[in-house]
Amino acid sequence: MSDTKGLHTFIPEPKRLEMRSGNLPLENCRCVAFDGGCEPSLCDEVRRIAEFAHSAIAEETGLSMAVESSIPGPSQTAIVLELKPLEIGAGHTDESYVLDISPDGVTLSASAPRGLFYALQTFRQALRQSNGRRAVQCLRIEDWPEVRIRGMQLDLKYQMPTFDYLLKIVDLLSQYKMNYVLIEYENKFPFESHPLLPSPVALSKQEINQLIGYCAERYIEVMPMLHCVNWLEYILTHEEYAHLREGPEAIHQACPTNPGTMELFRELYAEIVAAHDDCTYFHIGADELHDIGVCPECKAKVEREGRARLYFDYVLAVCDHVRQSGKRPVMWADMVLNEPEYADKIPRDIVMMYWDYWTDAPKVQQVILGSSAATHKGPITPQTISSVPREIYERFAEYWDPGDGSFPNELAGFPYLGYYQDKGFEVLCAPSIQCSGDNYSCTRYWFHLENISEFCKKAAKEGGLGVVNTNWVIHRVPWEVTLPGVICSAEFSWSGPQIELGDFERKFAGDYWGLGAPTPIDIMRTIGTCTTELPFTRVCRGSPFDYPPLTEKLEAFEQSENRDEVLASLPGLREKALAAAQEAAALEKEVTRNRLSIQFLRLGAEVNAHKASQALCFHQCGQLLNAPSASGEEKAECAGWLEELLEQLGSLRAETERLLSLVTSAIEVEEEMQRRWVQEEALMKDYLAKLTAEAH
Ligand SMILES: [Zn+2]
């Protein structure tokens, strides 16, 4: 079989693809068939996949095909699902499959039902790409994944999806062969032992059960998560739990030496694990403890036994507890980098989840140098490296060195995967599609896609246990806009280094939107760039992430050194955003699927254009109100501008509410509207009142 490169239509890219001449007219196929004589439990599973095939065919082509539990004779054309040992794939044989489309019919074969399910997903894409012609191109595919765990983080803190939309996301992940979701419930879990905690839009136990079942039918396993000490705002904001805070104001971090903290973890854990009795892994968080050792007890312990001891005594006890219930603990890996002797001591069954959201190439100019003492973001020079403490240098230099003579001017990308693996840990790699620095218009696609694709390739090359793409909804980008980045992770964690990012973008535009060119992704990049360059665009929630009030941000901006430079760039940014909005509006008519994502993009671009005008206008208002010589005419003109911006704000707000309401629970739409629009509307009205009063 010869590889046919350059065709690139399937996501993820199959390992071996042979195009063949001719088409199979689907009308010729009599049925979807499988061998009903196999072992009963296996047989039920294959029947279920055959029924999925029936629905997929109906959905993509409108044809309704019978499902039959006996394989028809060779003279009959059919779509056949066949379980048999396959001699392909590198280790993950239960996920390998062969898809064969010939004029005589379609055969999906695999050694396990999961492989058959993936064969079906590829067949489904072939149907979709036949553009309703009901005739599929003949071909043969042999395929298997590079990486075992291919997942996405479902962060349910904010922008709680409606239940239907949650299922839709799961369905989408399964269509691109993802097999894990990491669910961060926080206040969306219906804790009965702590009734203060659940949000009014928390999932019910029944819904969680349904969600897990829905995932399982699609070969997606749920990895639940419960932060064990940090990021506990949903708990510690309540006065009833204030005694557990590490400091009086520390609503995000609990005290690890207070026995109540462990007790609370155990009670919450018991409920979550009871709802996920089949899960293999349990994520305990344990990242970024910046405030460790603040309270008197913790401070004394740090002085007596060291910071590492305080952290690991608690975290390892949490891991023991997780292990006792038969689950494998997973934790964020960053704290381990800081404490070398612990990296050697802690049990190797703990899975390290290594997050790196900023590396965007195989080699990078910036990297977090491991220890909080040596955290460095910015251009790396030989001087930076020489300023690193000697013991840190000695520990990490071999991982930073790309090995091509460019060190220390350049560093290897994602250096710590090798470090953790050499210490004997299995590692889940965590790139990101939404993280600190993003805002609600759109994530910064200009670097997230590079980060995702390169990290997945690295995981494939170096044998990482898996990739789980993070998506921190705290930054309020609509789910719909982040999904292309999630599918990018599905692509490269399956296919590894086989194709380039540009190939993925073209394929994605075709399969996801029915477009010939990846214009929406270009628009995403433009909006992301505007977002980065515009002042006062970030909206976030909850300490320690909350940004200051708009009036404070405005004041800081007026005092900033680069104020004039930013002001001069605003008209250009507005033009760029307006052009992107127009392009998105045209695409709304052109796309054949997933139109909602384009509508969110149009809105994001329009919001950016409005933000650029608004920043210019706020500056002018400030100038006029501070200038005794400003004329009434100038003030009236500026007031007119404000009125126009207020009117635009009204329609942007209405459109935001309309789109978010399609996919987000009502209570969180309301919260979102408060976050996004209230402060700027108030400020505009305030300026308008002042200017009008002075103009008369
Ligand atoms: Zn403490």
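**Stop 1: the core**

Start with the largest nonpolar core, which holds 196 residues. Select Leu116, Val181, Met352, Met353 and Tyr354: of the core's members, these touch the most others. Then colour helix H20, residues 595-626. H20 supplies twelve residues, the largest share of this core. Keep in mind throughout that the model is predicted.

Now centre on methionine 353. Show its contacts beyond four places in sequence: Val330, Met331, Trp332, Ala333, Leu428, Ala430 and Val468.

**Stop 2: glutamate 606**

Go back to H20 and pick glutamate 606, which sits in this helix. Is glutamate 606 buried or exposed? Glutamate 606 is buried, because 24 C-beta neighbours fall inside 10 Å and the cut-off for a buried residue is 20 or more. Add Ala581 and Leu652 to the selection; glutamate 606 touches both, with residues up to four places away in sequence left out. Then draw a distance from glutamate 606 to alanine 577. The C-alpha atoms are 6.6 Å apart, while 29 residues separate the two in sequence.

**Stop 3: parallel strands S2, S3 and S4**

Move to strand S2, residues 31-34, and strand S3, residues 66-68. The two strands run parallel and are joined by three bridges. For one of the pairs, select alanine 33; its bridge partner in S3 is glutamate 68. Next, show helix H1, residues 40-61. S2, H1 and S3 together form a β-α-β unit, and the unit is right-handed.

Keep S2 on screen and add strand S4, residues 78-83. This pairing is parallel too, over three bridges. Which residue of S4 stands opposite valine 32? Select isoleucine 79 to see the partner.

While the strands are displayed, turn on side chains. In a regular strand they alternate between the two faces of the sheet.

**Stop 4: antiparallel strands S5, S6 and S7**

Select strand S5, residues 97-102, and strand S6, residues 105-110. S5 and S6 pair in the antiparallel sense, with five bridges. A hairpin of two residues connects S5 to S6. Aspartate 100 has threonine 107 in S6 as its bridge partner.

Now bring in strand S7, residues 135-143. S5 and S7 are also antiparallel, over five bridges. Label tyrosine 97 and look across to aspartate 143 in S7, which stands opposite.

**Stop 5: helix H2**

Select helix H2, residues 113-129. Its 17 residues reach 25 Å from first C-alpha to last, close to the 24 Å expected at 1.5 Å a residue. How many of its residues are buried? The count is 14 of 17, so that H2 is mostly covered. Step just past the helix to asparagine 131, which takes a positive phi of about 50 degrees.

**Stop 6: backbone oddities**

A word of background before the next selections. Most residues other than glycine have a negative phi, and most peptide bonds are trans.

- Pick lysine 177, in the loop between helix H3 (163-175) and strand S9 (180-184). This non-glycine residue has a positive phi of about 65 degrees. Lysine 177 counts as buried because 26 other C-beta atoms lie within 10 Å.
- Pick phenylalanine 414, in the loop between S15 and helix H13 (416-422). Its phi is positive as well, near 45 degrees. Phenylalanine 414 is buried, with 24 other C-beta atoms within 10 Å.
- Pick proline 12, in the segment before strand S1 (16-25). The peptide bond leading from isoleucine 11 to proline 12 is cis, with omega near -10 degrees.
- Pick proline 408, in the loop between helix H12 (390-400) and strand S15 (411-412). The bond from phenylalanine 407 to proline 408 is cis, and its omega is near 10 degrees.

**Last stop: the domains**

Zoom out and colour by domain. The domain assignment gives domain 1 as 16-143 and domain 4 as 526-695. Domain 2 takes three stretches: 149-362, 413-470 and 487-499. Domain 3 covers 364-412. Finish by marking the centres of domain 2 and domain 3, taken over C-alpha atoms: they are 27 Å apart.

Note on methods
Residues are numbered from 1 along each chain as its sequence is written. This is a predicted model: local features need pLDDT of at least 70, side-chain atom pairs count only at pLDDT 80 or more; totals for chains, interfaces and linings use all residues. A nonpolar core is a set of buried Ala, Val, Leu, Ile, Met, Phe, Trp, Tyr and Cys residues joined through C-beta atoms within 7 Å. A residue is buried if 20 or more other C-beta atoms lie within 10 Å of its own, exposed if 12 or fewer, and partly exposed in between; C-beta atoms are placed from the backbone. Helices (H or I, at least four residues) and strands (E, at least two) are DSSP runs, numbered from the N terminus. Two residues are in contact if their C-beta atoms, placed from the backbone, lie within 7 Å. Two strands pair if DSSP finds at least two bridges between them. A crossover is right-handed if, with the strands pointing away from the viewer, the path from the first strand over the helix to the second runs clockwise. The expected span of a helix is 1.5 Å times one less than its number of residues. Domain bounds come from an automatic or database domain assignment.
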